[in-house]
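Student: I'd like to learn how to read a structure like this one, feature by feature. Can we go through it together?

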Amino acid sequence: MKSIRSRSARAVVVAVAAGSLALTGCSSNDSGKSEAKDQSKTKEDAAAQSNPVAYADAAGSTGPAKEVSGAVSGGNINVYLQSDLTHMDPAQIYVSDAGQFANLIHRKLTNYQEDAEGNLTVVGDIATDAGTSSDDGKTWTYTLKDGIQDEDGNAITSADVRHTIERMYSKVIFDGPSFVQSWLSGSNYRKALPDGPYKGKHLPDSVLETPDEKTVVFHFDKPRPDLPQALAMAGYGIVPEKGDTKEKYDKAPKALGPYKLVEYKAGKSLKLVKNDKWDPKTDAVRHQYVDGYDFTTTIDASSQTKRLIADQGEAKNAIQFTSSVDPAQIQDVVGSPAVNKRTIKGYQPYVWQMSFNLDRLKDKKIRDAITYAIPNQAMIQADGGKYGGELAGGLFAPTLPGYDPDYDPFGKQKKPNGDPETAKKLLDEAGFKEGTKLTYAYANTPRAQKQQVIVKDALKKLGFDVQAKEIDSASFYEQIGKLDNKFDMYATGWGQDWPSPSTVVTPVYDGTLIADGASNYSHINDPKVNSLIQKALTEQPEEAAKTWEEAHHYMVEEINPAAPIYFSKQLQLYGSNIGGARYSTDSSYININDLFLKKP
């Protein structure tokens with residue numbers, strides 16, 4: 001999953017058996033020796049908390065969700081955001097801010113249930129369980145729970161699930177995940193149903209079957225053991241057929257979850273209130289403790305942090321949603337025991353990287369020179385130092401299966417602030433001309449704005465004429481996702497969608513998935529990489545891990561589509577009247593599902 005700030009997906013370690021995926025994450029913010037030592041999560045913290053992901057049966061998927069200790073009902077939580085959400089239509093959601101928002105209003109076939117220690121179980125959300133597989137894993141059957149309605153009181157049936165999947169084939173949807181669609185219909189899945197369901201056509205029953213109002217059957221040409229986890233992504237939230245307004249749905253979605261949207265002022269605010277059609281007996285994950293959420297989308301990270309440190313008035317009932325503590329104020333937060341106890345800390349599954357547009361930066365020596373020159377440590381300092389991240393040697397995060405802590409082909413551990421001598425040598429070998437223009441796109445977030453100065457300065461010293469182009473964060477990935485974009489490189493953050501390297505390598509580096517709106521931002525289309533991806537996708541976890549590692553090393557060393565910069569961490573702050581606050585292994589943010597006000 002991609003992110004503007006850098007956060008949101010599950011943290012994981014190597015799978016050890018077929019059908020068994022292991023994950024790791026950080027639980028409550030007051031545990032662990034390293035927490036007491038330096039108040040900053042480490043790779044050891046993540047590795048020490050690995051537990052298997054389970055698939056729940058009907059009993060484990062039945063609501064209501066387990067009560068949060070001390071929880072009371074009432075009041076509104078104030079949510080601080082520094083810009084508009086990227087999307088509200090679930091099919092378009094592939095960025096972390098919208099993914100966090102989706103927990104409040106959308107429901108899916110499956111979901112992640114998280115216990116107090118951060119252990120995850122895939123449960124049925126609107127389905128009765130995590131799914132039943134047959135035909136050696138090529139067929140998956142889901143039965144819908146009774147009593148699922150949208151905010152207008154319309155009963156959700158299998159037709160709505162079919163509609164949800166099929167609309168993702170249409171041009172109405174230009175963002176969001178493509179796993180399920182491509183598994184059903186191949187990498188060029190849009191050709192199978194170019195108008196989606198909007199002109200009365202449907203996928204054949206041999207692909208997607210709805211034999212009755214309660215049953216949905218997915219038919220694949222090969223085993224898809226990860227389907228329950230794919231369907232738990234925010235991007236596969238249910239869109240009721242009766243409420244679908246196509247493009248307009250992105251601004252006024254219909255809720256199935258505990259809250260619904262009642263007011264949206266673009267660029268300013270949005271308001272959620274209780275959805276009275278949501279039945280807690282059908283939901284094993286979510287709560288509806290507060291009366292609503294009041295989002296303000298104009299408060300930058302610096303102002304958010306100042307307000308929450310002061311903890312006065314409305315700030316006592318406030319949370320940082322997907323922003324982190326302002327790097328300049330981190331010591332004010334962690335240095336005060338009273339403030340520090342109101343923080344969320346966790347290791348993130350993201351790698352921040354400088355993605356190269358291979359259609360424009362065709363010379364690998366140029367790409368390598370830029371990679372050597374980037375001062376990784378300075379970039380980390382601009383994002384909070386040890387609280388913001390750690391040096392990245394490759395494109396696999398420490399929380400991903402296949403991570404090798406010693407992998408560092410560009411020597412960043414020895415020269416964390418860049419190696420301009422090696423960079424200049426490579427440029428000379430490439431016949432580089434002084435004053436060559438280089439267009440660099442970045443999001444208009446405070447972190448990215450600080451980092452672009454660092455990047456520009458480092459590359460200017462090499463002789464580049466850097467043209468820095470700022471893009472609104474709400475449309476950043478849409479802009480760089482255009483195949484004919486005019487940028488040479490762009491800072492991106494990517495984390496796994498579920499515990500498998502397949503969710504990093506496939507969407508970002510598979511050459512068959514190059515398209516407008518797709519996540520292959522470098523436009524890499526290498527036959528060997530493509531072949532290794534297809535090979536790994538058919539292998540059992542232990543063998544697949546070796547293949548993913550081979551693909552990873554080949555990409556970084558022989559192609560270099562993206563310069564690794566750092567692995568990210570999270571540090572968030574919340575008001576003193578917020579209850580139930582803890583780090584979520586699922587979202588990589590504050591656990592939005594368990595919050596309440598101590599004094600409504």
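Student: Let's start with two rings. Are Phe218 and Phe220 buried or exposed?

Tutor: This is a predicted model, so keep that in mind throughout. Buried means under 20% relative accessible area. Here Phe218 is buried, and Phe220 is buried too.

Student: How are the rings of Phe218 and Phe220 arranged?

Tutor: For ring pairs, look at the centre distance and the angle between planes; planes under 30 degrees apart count as stacked, over 60 as edge-to-face. The centres of Phe218 and Phe220 are 6.2 Å apart with planes at 5°, so this pair is stacked. The structure holds 19 aromatic pairs. Phe218 and Phe220 also belong to a cluster linked by ring pairs, along with Tyr142, Phe179, Trp183 and Trp498.

Student: And which pair is edge-to-face?

Tutor: Take Tyr259 and Tyr293: their ring centres lie 5.2 Å apart and the planes meet at 90°, so they count as edge-to-face. Tyr259 sits in strand β12 (residues 259-265) and Tyr293 in strand β14 (residues 292-296), so the pair ties together parts 34 residues apart in sequence. Tyr259 is buried at 1% relative accessibility, and Tyr293 is buried at 2%.

Student: What sheet does β12 belong to, and in what order do its strands come?

Tutor: To read a sheet, walk across it strand by strand and see which neighbours pair. This one is open, with five strands in the order β12-β13-β14-β5-β15 and mixed pairing. Its edge strands, β12 and β15 (318-320), each pair on one side only. From one strand to the next the twist averages 20°. β12 pairs with strand β13 (residues 269-274) in the antiparallel sense over six bridges, and the bridge partner of Tyr259 in β13 is Lys274.

Student: Which helices lie on that sheet?

Tutor: Check which strands a helix touches, then its direction. Helix α3 (residues 96-105) lies across β12, β13 and β14, at about 30° to β13. Helix α7 (residues 301-310) packs on the sheet as well, touching β5 (76-80) and β15, and its direction makes about 140° with that of β15.

Student: Where does a charge sit over a ring?

Tutor: Look for a Lys or Arg end above a ring face. The charged end of Lys246 is over the ring of Tyr198, 4.8 Å from its centre. Arg307 lies over the face of Tyr80, at 5.5 Å from the ring centre.

Student: What about the six-stranded sheet, how is it ordered?

Tutor: Same walk again. That sheet is open and mixed, running β17-β21-β16-β20-β18-β19. β17 (389-391) and β19 (465-471) are the edge strands, each pairing on one side only. Its twist averages 30° from one strand to the next. Strands β16 (residues 343-356) and β21 (residues 562-573) pair in the antiparallel sense over 10 bridges, with Ile344 opposite Gln572 in β21.

Student: What does Ile559 touch?

Tutor: Contacts between residues well separated in sequence show what packs together. Ile559 is in helix α17 (residues 541-559) and counts as buried at 9% relative accessibility. Among the residues Ile559 touches are Leu358, Lys364, Arg367 and Tyr554. Leu358 is 201 residues away along the chain, yet the C-alpha atoms are separated by 9.5 Å.

Student: One last case: what does the side chain of Thr585 reach?

Tutor: The side chain of Thr585 reaches the backbone oxygen of Gly118 at 3.0 Å. Thr585 lies in the loop between β22 (578-579) and β23 (596-597), and at 2% relative accessibility Thr585 is buried.

Notes
Residues are numbered from 1 along each chain as its sequence is written. This is a predicted model: local features need pLDDT of at least 70, side-chain atom pairs count only at pLDDT 80 or more; totals for chains, interfaces and linings use all residues. Side-chain values use heavy atoms; hydrogens and water are left out. Helices (H or I, at least four residues) and strands (E, at least two) are DSSP runs, numbered from the N terminus. Buried means under 20% relative accessible area, exposed over 50%, partly exposed in between (1.4 Å probe, protein chains only). Contact means heavy atoms within 4.5 Å. Two strands pair if DSSP finds at least two bridges between them. Axes are lines fitted to C-alpha atoms, for helices over the stretch in contact, and angles run from 0 to 180 degrees between N-to-C directions. Rings of Phe, Tyr and Trp (its six-membered ring) pair if their centres lie within 6.5 Å; planes under 30 degrees apart count as stacked, over 60 as edge-to-face and the rest as tilted. A charge sits over a ring if NZ of Lys or CZ of Arg is within 6 Å of the ring centre and within 35 degrees of the ring normal. A polar contact is a pair of N or O atoms within 3.5 Å; within protein, one must be able to donate a hydrogen and the other to accept it, and residues adjacent in sequence count only if both atoms are side-chain atoms. Lists of a residue's contacts leave out its neighbours within four places in sequence.
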